[in-house]
Every structure is written in structure tokens, then in C-alpha cells.
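Here are a few exercises to work through with the model open beside you. Try each one before you read its solution.

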Amino acid sequence: MKITEQIINSDNVKKTFNIIDSVIKDAWCDYCLDKGSIYRLKKHFTTTSFDYFPESIYNNSFKDYFLKYGPVNILKNYYLITELEALGIMGDIDTIYDIGSGPGIFSLALYTWQSKFNLYERNIYEVINIEPVIDHFNLFEDIWKNLPESRNVNISNKFIVNDFNGNFEFCKKNNLIILSNSLAELLRDKRFDLNDFIASIIKTNAIIVIIDYGYDELFPLFDKFLDKIKLHYHERTFYEWPKWKNKFSQVDLNDIEMKWKSQGCIKSNIKFIKGIFVPKKNKSNSVKELANFVNLYKKSWEYHDINLINKIFDHDAQYIISDTKPPLIGTSSIQNYWKNNKKLQRNVRFSPRYCCFEKNKAFCYWNSVFYRTDLKKWLLLSGQLEMNTKNSKIIHFWESFQKNHFDDKPLSY
């Protein structure tokens, strides 16, 4: 088995896509993709004119839209959820507003994520799907009722058939708003006022997430939005990505160690821009600090940065790497441990998979891949860690992991 097939347990992702595929085949057994419709959709995505409106273009093409773009968009949102979790955001919210939801794309991604980690005991997420095309909701219901355990996952779906006008007065405060491939739709609508839109967002005190197409034609629209939103919001990121035109992060799912294409679901390249924006008056400083500790730990391991040890660990910190070995006590002992790792490890990639933050404690499932120089083999570690903090330092650190050896080089290198 190739190492990339071990890095992410893709069984639930594949299962979800197979079920969606079978539902579509049963419902549309005699339907063929309309290439003319796809051409019109792509033209719609890239245009900056005000001649196209979602309710007209999608009403006539909703089947073609889902067949062509549905699986890709589910994967994009699935990736997004893993980053929101790594930032500690998924544990702080209970209501998610998906603006321009299409056929429940975010809910399907959330289902896949919860199924992968068996997170049924976690938060109950209420997903408010706001969408002008009623056929998209009918399609979602057909898919959802056929998904295994869909009644057991902690997801409650509500549908609002509405041509969203940029006003968030219906939103509960302090939650999550998703604009997945819908920001451009709003910004080029002649009925839309950007200043009113930003003012309405601010009132919600919500976390705003943008996923959209990185088409050059749309950049002037996104640029205006970004200049205004950053006056009131901080941009947050856990995974570092290059900037699209020095603005939004551009994610390339084919470029990360998960190697999404190896799941066999998507054949084309998957690139998109994304932004996660948190209100500047947001009070969850403890969660931000804990998420930052995980991020610094990632950097210290990947770069074998000994100096970071003093920055994140308390002078007398306890570091437990095995239940059968005595703990390391103090930063000097921890640094010596990392110095030895530096001699033996090359090309380290540390990937948090699911993190949970509470007060002064962080818990994280993770994978790590690196080359062991003494063994002349690649290692995949699958583990978990727990850290306790005090006065902005880690005072207790515990980790446990399983390892597998591989001869082949990871495809992402």
C-alpha cells in the first residue's frame, strides 16, 4: 500500500461519493451532461457583468451543475472544515449559515467529516441552507436520506428558499457564515450594496469564511470586499498557502500530503481561494492561543527549530513520549530530544487532523511523515497529543503514536 493511501483514511469520503453517485444514477439514469449548459455555467462564473443571475442560470442547469461541480465543491468544503477544526472554531459554534448552499454542499462535507472521525458525540450543528433554486433542496433530500447513519450524525438541516440580498438580519450572533462560490454572485449583482453587506456582517459578530474560484476576472470584486472586511476582521489561517495576487490564500488540494486525487473521486486539479475572517472584537483568546501552540509545535518539528522549544514550553515542562519511558523534564531535556530527531529525520510533514480546545487544554489527532536516515525508510506516524498550558506556556505535554515503515517516497514530495 502506498504511503499516501495511509495518510488519510479516505473510506468515508469514498463511501459518501459512491452513495451520491448511486443516488444520481437512480434518479437520472437517462440523463447526459449538457456540454452547452456547462459552457454557459463557466461563462457565468467568470463574467463580471450584471446580466446573469443565479436563479435563472441554475434553474435551467442544476443537474449539470451538480454532476460537474458537486463532488469538487464537497471536497473543497471538507478541506475547509479540517482547517476550521485545527483553528478551534468548530468547537465554538453551533449554527452555520451556508449562503448559496446549492444542494447542501457544506452539509454533505460536514457529514463526511463527522463520519470520518466518528464525531457523533460532538456539537449538534444546525446548518441553515439558503438557496434560491428549490430543485437543489430536492436533490439534497434524496441524497441525505440515503446516506448511512445520516439520522445519527449531529447535523440538523434547515432550508430557506430565498434569493439572498446581502442582509444578515436573520442570523443568530457569534456563529459561522459560509460563502462558498457565492461571494462573486453577490458582488456582481446590481441590486447589491457592498457597504450595507459589510455593515450587516459586522452586526452578526460571526466568523466569515470565503471559498471561491480564483478567476482573474473576479479579482477586482474580491479586492474591494477584502479591503473593507479587513477594517473590522482579522484573517486567520492554520495551513500556509501562497497568496493569490497577494490577497486571498490559494489552496491547491493536489499539492498537500493528503493527495486528494488518490481517493479516486476527483480527476481534475482542485484549486480555489479561501479566507477565514474573525471579528477583531472576538473574545476567544484562549482558543486562539491553543491553536497557535499546535501550529508552533508543527513548525518546531518540521524545521527542527530548537529555539521554538523555549518559546512554547515552560522551563520545567513535563514531556511524555511513551508510557514505558520516564518523562522528559524541562526545556533542556526536550531540546536534546529534538536535537537527536534532527539527526535522524528528513522532510518532515506534520498534519493535525482533528483538534479540540477547551480552556487551557488542547487535544489533537495527527499524522506525520518523514524519512529516517538510519533506517533508510519513510515512516508514517498516526498519533494523538494532549497539552496543558499556563501563563502562555505548555506545562504538560503527552503524545502517543503508532508507526508504519514504507520503502517508497510519498507522492507529494
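Accessible areas here come from the Shrake-Rupley method with a 1.4 Å probe, and for residues only the protein chains shown count as cover. The model is predicted, so local features need pLDDT of at least 70 and side-chain atom pairs pLDDT 80 or more, while totals for chains, interfaces and linings use all residues. Residues are numbered from 1 along each chain as its sequence is written, and side-chain values use heavy atoms, with hydrogens and water left out.

**Exercise 1.** Work out how much accessible surface the protein has, and what share belongs to carbon and sulfur atoms.

*Solution.* Start with the total: about 18800 Å². Carbon and sulfur atoms hold 46% of that.

**Exercise 2.** Decide whether Thr 204 is buried or exposed, then find its surroundings.

*Solution.* First, locate Thr 204 in helix H9, residues 194–204 (helices are DSSP runs of H or I, at least four residues, numbered from the N terminus). Next, check its cover: Thr 204 counts as buried because its relative accessibility is 2% (buried means under 20%, exposed over 50%, partly exposed in between). Then look for contacts (heavy atoms within 4.5 Å): beyond four places in sequence, Thr 204 touches residues including Phe 168, Ile 177 and Tyr 233. Phe 168 sits 36 residues away in sequence, yet the C-alpha atoms are 7.2 Å apart.

**Exercise 3.** Compare the settings of His 304 and Ser 392.

*Solution.* His 304, not a glycine, has a positive phi of about 50°. It's in the loop between helices H11 and H12 and is buried at 9%. Ser 392, also no glycine, has a positive phi of about 65°. Its loop joins strands E14 and E15 (strands are DSSP runs of E, at least two residues), and Ser 392 is partly exposed at 41%.

Conventions: Buried < 20%, exposed > 50% of the residue type's maximum accessible area, 1.4 Å probe, protein only.
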